Amino acid sequence: MATPPGRGGIGVVRVSGPEAAAIGTAMLGASLQPRRAAYRAFRGAQGEAIDEGVAIFYAAPRSFTGEDVLELQGHGGPVVLEMLLERVLALGARRARPGEFTERAFLNDKIDLARAEAVADLIDSATRSSARAAARSLQGAFSKRVQALDQGVLQLRVFCEGAIDFADEDIDFLSESDVGARLAGLADELDALLREARHGALLKDGAKAVLVGEPNVGKSSLFNRLAGEDRAIVTPVPGTTRDALTADLDLDGLLVRLVDTAGLRDAADAIEAEGVARTKQAMATADIVLRVLDDRRCAHPATPADSEVLVCNKADLSGRPAGALAPRAVRVSAATGDGLEDLVATLKAAAGYNAGEGTFTARRRHVEGLRDAGAALRRAADRLGAEEGELLAEELRCAQGALGAIVGETTTEHLLGEIFATFCIGK
Ligand SMILES: Nc1nc2c(ncn2[C@@H]2O[C@H](COP(=O)(O)OP(=O)(O)O)[C@@H](O)[C@H]2O)c(=O)[nH]1
Ligand SMILES: [Mg+2]
């Protein structure tokens, strides 16, 4: 089933593989002209109509999977769709695994691996920015850049391997050629792509931010302000919050999973102690820690660590002006809302988010692949300096391997299983 379970205007059953045409003929009573929508009755084993709707047949290789594909668009009711599916199964089909259609599209060379991943990323997008960026990845914006780099490395490698073959001759090909300049150029391009890919991964995954601080400084009040609703219980009694609450915020396209915690102190009872333990757990997995202080006790805010943002709250009580204090420190009032915009801006900056930037989405796997390729190029430059031609060529081969893995030129069954298992059924 290509449409989600439940009631809907239409429901789609999709069949891919060599028997798709025969299944279509058996159910529709006649064969279909490829790529033409036909309005037909969808028939059961006794010739009875299970449903009626639009049938489309795509002949291989001009289909999403690259195989023969039959699409039956009937009415979107769970029972009628299940009956339609049972009929298709009785005719020799089997239920698809999650992501199997896209996996086949990849295996049949219809799309590369980074684009296949973009299919899932587009479906799973939580913000408009990440959806737009995933659509660009799906169109190949990221893959093309990786492939261009791969080509550049390949050409250099061919040149170097050629040079090694002439090593007996007088001219020293490697040191007198522009290999060094070409290597540097490729490394620069790779760095630029890595920066964009990091941003793309942030767009896709979002960032996790955790509110920590002593009880009663206003963590839950800030949480409610940022979440835009009263989710957390706020009381003047210290130790009110015990369980970690989360809210997903869309900050100009950046998805931030905000976590309110019990805070950090020597707990008064067992439940709060568990809350404090959970706070520490949340902090360990956070991208950003929002350390909340009472502004009346934050005269000289300490310089926060890289992944930390200092939030001096209760500006209305201290009487100091709200606003940004330093690159990663901000004064706010959860009670009046003053300084909240500065807090949001500080949060985005700490995550490394730039709302204007967002050419494509990427995954951590891609970022790591680019990092590996970059490291290989740097090692290649060292080999060039040491005039070790064969090792230089070997490092270039390594860089190519890392780039190839991103678009799926080289993969393992394990990696493919991991990637496609996270897809929804029917895609
Ligand atoms: N005046 C003032 N009171 C605040 C502010 N933020 C929180 N409070 C109050 O401080 C108390 C503790 O707040 P809460 O959000 O539960 O703190 P938490 O324990 O850190 O989660 C409550 O009575 C809040 O109403 C603020 O900015 N200004
Ligand atoms: Mg609280």
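In helix 10 of this predicted model, the residues Glu272, Gly275, Thr279 and Ala282 are buried. Viewed down the axis of helix 10, these buried residues fall within an arc of 70°, so they line one face of the helix. An α-helix has 3.6 residues a turn, so residues three or four places apart point the same way. The face of helix 10 that is turned away from the buried side carries the exposed residues Ala270, Ala277, Lys280 and Ala284, while the cover over the buried residues includes strand 5 (207-212) and strand 7 (254-260).

Helix 2 can be described in like manner. Its buried residues are Leu81, Leu84, Arg87 and Val88. Seen down the axis of helix 2, they fall within an arc of 120°, so they too line one face of the helix. Val79 and Ala90 are exposed on the other side of helix 2, and the elements that cover its buried residues include strand 1 (8-16), helix 1, strand 2, strand 3 and strand 4. Just after helix 2, Gly92 takes a positive phi of about 115°.

The lengths of both helices can be checked against the expected rise of 1.5 Å a residue, as the table sets out.

| Helix | Residues | Expected span | Distance between end C-alpha atoms |
|---|---|---|---|
| Helix 10 | 270-284 (15 residues) | 21 Å | 21 Å |
| Helix 2 | 78-90 (13 residues) | 18 Å | 18 Å |

For helix 10 the distance of 21 Å agrees with the expected span, and for helix 2 the distance of 18 Å agrees likewise.

**Surroundings of ligand 1**

Ligand 1 is surrounded by 20 residues, of which the closest are Gly218, Lys219, Ser220, Ser221 and Ala335. By class, the residues of this shell divide into seven nonpolar, 10 polar and three charged. Helix 9 (219-227) and helix 11 (315-318) each supply at least two residues of the shell around ligand 1, and helix 9 gives the most, with three residues.

**Backbone geometry**

Most residues other than glycine have a negative phi, and most peptide bonds are trans. Asn216, in the loop between strand 5 and helix 9, has a positive phi of about 80° although it is not a glycine. With 19 C-beta neighbours inside 10 Å, Asn216 counts as partly exposed. Arg35, found in the loop between helix 1 (20-28) and strand 2 (38-43), has a phi near 60°, again a positive value in a residue other than glycine. Arg35 is exposed, because 11 other C-beta atoms lie within 10 Å and the limit for an exposed residue is 12 or fewer. The peptide bond that joins Ala60 and Pro61 is cis, with omega about 0°, and Pro61 is found in the loop between strand 3 (49-58) and strand 4 (69-76).

**Domains and distances**

The domain assignment of the protein chain gives domain 1 (8-95), domain 2 (141-203 + 363-421) and domain 3 (206-351). The C-alpha centres of domain 1 and domain 2 lie 45 Å apart. Ala329, which is placed in strand 11 (residues 329-331), counts as buried with 21 C-beta neighbours inside 10 Å. From C-alpha to C-alpha, Ala329 and Gly74 are 57 Å apart in space, and 255 residues separate them in sequence.

Notes. Residues numbered from 1 in each chain as written. Chains lettered and ligands numbered in written order. Predicted model: local features only at pLDDT ≥ 70, side-chain atom pairs only at ≥ 80, totals over all residues. Near = placed C-beta within 6 Å. Helix = DSSP H or I, 4+ residues; strand = E, 2+ residues; numbered from the N terminus. Nonpolar A, V, L, I, M, F, W, Y, C, P; charged D, E, K, R; others polar. Expected span 1.5 Å × (residues − 1). Buried ≥ 20, exposed ≤ 12 C-beta atoms within 10 Å, placed from the backbone. Arc of directions from axis to C-beta. Contact = placed C-beta atoms within 7 Å. Domains from an automatic or database assignment.
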